[in-house]
Amino acid sequence: RPRSSMSPSLVFNQDGSLFAAVGSPGGSRIIGYVTKSMIGLMDWKLSMQEAVNLPHFINRNGKTDLEKGTSLAGLGAKLEAMGHRVRVRSLNSGLHGIRVTADGLDGGADRRREGTVIHLP
């Protein structure tokens, strides 16, 4: 039977050429993982690997999850003081992505899981 998927997500330039493809396992967290990576690529001009490496945070209409062992984990007390319910936990997404640049392909793979990028000459 057909399956629906939120991932991979494709982003195109105005001329219709491919800008990037980013995907991740993770159930309903996929939306947050992929969106955060796309913001890193497009708004903050990060490389694909830098965008994939960004620490995870997500709130799916409940508790705010902050990725354990990252700079975001320290924000828990401040968010709780503002009324958020917070969990600091492992959030291993498995993000992978490719961005098309003038110099070739720029890949990124999530080191939180089994991801590896191979650079070809």
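**Figure 1. Helix H1 from end to end.** H1 runs for 13 residues and spans 18 Å from its first C-alpha to its last, close to the 18 Å expected at 1.5 Å a residue. Keep in mind for this and every other view that the model is predicted. The buried residues of this helix are Ile30, Tyr33, Val34, Lys36, Ser37, Met38, Gly40 and Leu41. What sits over them? The cover for the buried residues of H1 includes E1, strand E2 (18-23), helix H2 (48-53), strand E3 (57-59) and E6.

**Figure 2. Thr35, a residue of H1.** Here we zoom in on Thr35, which is found in helix H1 (residues 30-42). Is Thr35 buried or partly exposed? Its relative accessibility is 40%, so Thr35 counts as partly exposed. Look next at the side chain of Thr35, which reaches back to the backbone oxygen of Ile31 at 2.7 Å. For a sense of distance, take Ser93: Thr35 and Ser93 are 58 residues apart in sequence, yet their C-alpha atoms are 13 Å apart in space.

**Figure 3. Ala20 and its neighbours.** Ala20 lies in strand E2. With a relative accessibility of 0%, Ala20 counts as buried, because the cut-off for buried is under 20%. Which residues does Ala20 touch, once those up to four places away in sequence are set aside? They are Ser9, Leu10, Val11, Leu41, Met48, Ile98 and Arg99. One of these, Leu41, is also among the buried residues of H1. Asn59 makes another useful marker: Ala20 and Asn59 are 39 residues apart along the chain, and their C-alpha atoms are separated by 25 Å.

**Figure 4. A nonpolar patch on the surface.** Leu10, Phe12, Leu18, Ile98, Val100 and Leu105 make a nonpolar surface patch of about 560 Å². Which elements give two or more residues to this patch? They are strand E1 (9-12) and strand E6 (96-101). Val100 is a handy residue to pick out, with its place in strand E6. Its relative accessibility is 37%, so Val100 counts as partly exposed. Two other members of the patch, Leu10 and Ile98, turn up among the residues that Ala20 touches.

**Figure 5. Glu67 and its polar partners.** Glu67 has its place in strand E4 (residues 64-67). Is Glu67 buried or exposed? Glu67 is buried, with a relative accessible area of 7%. Start with the backbone: a polar atom of the Glu67 side chain lies 2.8 Å from the backbone nitrogen of His56. Then go to the side chains, where Glu67 and Arg112 are joined by a polar contact of 2.7 Å. Leaving aside neighbours within four places in sequence, the residues in contact with Glu67 are Leu54, Pro55, His56, Ala73, Val88, Arg89, Leu91 and Arg112.

**Figure 6. Asp65 and its arginine partners.** Side chains of opposite charge can pair when their charged atoms come close. The count for this model comes to six salt bridges. One of them joins Asp65 to Arg29, with the closest N and O atoms 3.5 Å apart. That pair links distant parts of the chain, with Asp65 in strand E4 and Arg29 in the loop between E2 and H1, 36 residues apart. Both partners are buried: Asp65 has a relative accessibility of 1%, and Arg29 has a relative accessible area of 15%. The side chain of Asp65 also meets that of Arg89 in a salt bridge (3.8 Å, N to O). Asp65 lies in strand E4 and Arg89 in strand E5 (residues 86-89), so this pair ties together parts that are 24 residues apart in sequence. Arg89 is partly exposed, with a relative accessible area of 28%. Which residues make up the network of salt bridges here? Arg29, Asp65, Arg87 and Arg89 are linked in it.

**Figure 7. The Asp106 and Arg99 pair.** Asp106 forms a salt bridge with Arg99, and their closest N and O atoms are 2.7 Å apart. Are these two buried or exposed? At 16% relative accessibility, Asp106 counts as buried. Arg99 is buried too, with a relative accessible area of 17%. You have met Arg99 already, as one of the residues touched by Ala20.

Key:
Residues are numbered from 1 along each chain as its sequence is written. This is a predicted model: local features need pLDDT of at least 70, side-chain atom pairs count only at pLDDT 80 or more; totals for chains, interfaces and linings use all residues. Side-chain values use heavy atoms; hydrogens and water are left out. Helices (H or I, at least four residues) and strands (E, at least two) are DSSP runs, numbered from the N terminus. Buried means under 20% relative accessible area, exposed over 50%, partly exposed in between (1.4 Å probe, protein chains only). A polar contact is a pair of N or O atoms within 3.5 Å; within protein, one must be able to donate a hydrogen and the other to accept it, and residues adjacent in sequence count only if both atoms are side-chain atoms. Patches are made of residues with over 30% relative accessible area and no salt bridge: like charges are joined within 9 Å, nonpolar side chains (Val, Leu, Ile, Met, Phe, Trp, Tyr) within 5 Å. Accessible areas come from the Shrake-Rupley method with a 1.4 Å probe; for residues, only the protein chains shown count as cover. A salt bridge is a side-chain nitrogen of Lys or Arg within 4 Å of a carboxyl oxygen of Asp or Glu. Contact means heavy atoms within 4.5 Å. The expected span of a helix is 1.5 Å times one less than its number of residues.
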